[in-house]
Amino acid sequence: MATVAPEVGHLQRKVLRVLTTTQVLGAAGVTIGLAFSTLVAAALAESDAVGGLAQTSAVVGAALLALPAARVAQRRGRRPALVLGYGVGAIGALVAALAVALGWWQLLLPALVLFGGASSANLAARYAATDLAHPHRRARSVGIVVWAATIGAVAGPNLADPAGRLATAVGLPVGSGPFLLAAVVFGLAALVIAVFLRPDPLVVVRDAAPAPVVPAHCAGGQAPTKGSAAVWRSLRSSAKLALISIALCHTAMVGLMSMTPVHMNHAGSSLRVVGVVISLHVAAMYGASPLFGWMADRLGRIPVLAIGAALLVAASGVTGMAPSGDAPQLAAGLTLLGFGWSAGLVSGSALLTESVAVPDRPAAQGLSDLCMNIGGAIGGITAGVVVTAWSFAALGLVVGFLALPLLAVCVYSTLRRPV
């Protein structure tokens, strides 16, 4: 890597500036649409069940695009893969706006599947931040990009109302406004990536790495594309631990967070109180990511994974044991939950990246995002079943026991490391 070493620091700073900008745009677009997708879908179909499918559709879309985008990154670089994700998201947002204008919820749900492409791109951007990062600053680079999503996540829902008013001013239904604005924002994110993410960080690091051995039978000199099962089998144990940790932290977070507003509603909590609790949770998720990145670079990836698992166990106990009317305890629990998610995502992403050879990184990272989104969908559905069949306290117990094996493995791995 000697040929690019003098320029790596400058290039990495440029990459981080571009990615933080697109994270703000992407997170704003995602929250603009998803904040009201459930309400819009339920109103169009006159069914709460259809409303519940709205966000699930977007999660499914993010999962479906994870591997195709990873293949694009592996063959052509980060730039075309990220442009693909934001571009598909923009198309989905435009189709969603059309569905609202026509009053067709049957069209809205598939549109939200396409909309999920932008979520996939936002997730993949954290890995683009690691390509040129110094190994001792890799986790901090992930943390900076994840942190930037805080700005968009806060701004997005506040832009939905003005977008709705603007839509009505031009004769469109109010519900189409947020989706039209999301389409514009995703288009801007794709444009920023296409114009400014040059040179492509993955291409730079791949060109500087030793050339992989390519089988003679591979057409065009390209290594064969591995399926998900083959990618999993090829991973080292540390990479598998990272992938499982990321998926588990996300599953636990979505499961517990998604049912907390329902739990609070049983005590008649106002929307304002529920909003404050969820806002504290989101702030903890994204706002603490630079801190956990710094910790992962200083203390090691696996010790911070252990901290994340411990925070998840603590969060499940604090949240699960909270009465439905105890907003302060629920806020404390969800704040711990957000911290646990952040620690797991940042340290796990850095560990996965450095545990896989450069040519195989996009495939492994795509598999990670696929598992993460599938885990989120399963977590949300399972949480509803557990609370309906048993109780919210039982959900906290399930989440806590889900995180305990991860905590045990990470503590054991940390203790057995050579001093």
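This passage describes the confidence, aromatic pairs, helix packing and selected residues of a predicted model.

The chain has a mean pLDDT of 89, and 93% of its residues reach 70 or more. Within the chain, confidence is lowest in helix α8, which spans residues 228–234 and has a mean of 81, whereas it is highest in helix α12, at 97. A separate stretch, residues 213–223, has pLDDT that stays under 50, and for these residues the model has seven contacts beyond four places in sequence. Where pLDDT is low, the predicted coordinates should not be read in detail.

A search of the whole structure finds four aromatic pairs. In one of them, the ring centres of F115 and F179 lie 6.2 Å apart and the ring planes stand at 90°, and because an angle over 60 degrees counts as edge-to-face, the pair is assigned to that class. This pair links distant parts of the chain, since F115 belongs to helix α4 (residues 105–128) and F179 to helix α6 (residues 176–196), with the two positions 64 residues apart in the sense that they are 64 residues apart. Both partners are buried, F115 having a relative accessibility of 0% and F179 a relative accessible area of 1%. Together with F186, the residues F115 and F179 form one aromatic cluster.

Another aromatic pair is formed by Y286 and W341, whose arrangement is edge-to-face, with 5.7 Å from centre to centre and 80° between the planes. This pair, too, links distant parts of the chain, as Y286 is in helix α10 (residues 271–287) and W341 is in helix α13 (residues 327–354), 55 residues apart. With a relative accessible area of 5%, W341 is buried. Helix α10 also holds H281, which counts as buried because its relative accessibility of 1% is under the 20% limit. When residues up to four places away in sequence are not counted, H281 touches M253, M257, L334, L337 and G338.

The packing of one pair of helices can be described in further detail. Two packed helices are described by the angle between their axes and the distance between the axes. For helix α5 (residues 138–169) and helix α11 (residues 289–299), the axes come within 7 Å and cross at roughly 175°. An angle over 145 degrees counts as roughly antiparallel, and α5 and α11 are therefore roughly antiparallel to each other. On the side of α5, the residues that take part in the contact are R138, A139, R140, G143, V146 and W147, and these meet S289, P290, G293, W294, A296 and D297 in α11. Sorted by class, this contact of α5 with α11 has six nonpolar, three polar and three charged residues.

R138, at the α5 side of this contact, also serves as a reference point for Y127, as the two residues are eleven residues apart in sequence and their C-alpha atoms are 9.6 Å apart in space. Y127 lies in helix α4 and, at 1% relative accessibility, counts as buried. Leaving aside neighbours within four places in sequence, Y127 is in contact with R78, I246, S349, L352, T353, Q365, S368 and D369.

In helix α12 (residues 301–320), the residue A309 is buried, with a relative accessibility of 0%. Although A309 and S245 are 64 residues apart along the chain, their C-alpha atoms are separated by 8.4 Å. Apart from residues up to four places away in sequence, A309 touches A403, L406 and L407.

Helix α6, which contributes F179 to the aromatic pair with F115, also contains V192. The relative accessible area of V192 is 17%, and because this value is under 20%, V192 is buried. Beyond neighbours within four places in sequence, V192 is in contact with V18, T21, T22, L25 and L197. By contrast with these contacts, V192 and A35, which are 157 residues apart in sequence, are 24 Å apart in space from C-alpha to C-alpha. In the loop between α6 and α7 (201–208) lies P199, and a cis peptide bond joins R198 and P199, with omega at about -5°.

Key:
Residues are numbered from 1 along each chain as its sequence is written. This is a predicted model: local features need pLDDT of at least 70, side-chain atom pairs count only at pLDDT 80 or more; totals for chains, interfaces and linings use all residues. Side-chain values use heavy atoms; hydrogens and water are left out. Rings of Phe, Tyr and Trp (its six-membered ring) pair if their centres lie within 6.5 Å; planes under 30 degrees apart count as stacked, over 60 as edge-to-face and the rest as tilted. Helices (H or I, at least four residues) and strands (E, at least two) are DSSP runs, numbered from the N terminus. Buried means under 20% relative accessible area, exposed over 50%, partly exposed in between (1.4 Å probe, protein chains only). Axes are lines fitted to C-alpha atoms, for helices over the stretch in contact, and angles run from 0 to 180 degrees between N-to-C directions. Angles under 35 degrees count as roughly parallel, over 145 as roughly antiparallel, 65 to 115 as roughly perpendicular and the rest as oblique. Contact means heavy atoms within 4.5 Å. Ala, Val, Leu, Ile, Met, Phe, Trp, Tyr, Cys and Pro count as nonpolar, Asp, Glu, Lys and Arg as charged, and the others, Gly among them, as polar. pLDDT is the predictor's confidence in each residue, from 0 to 100.
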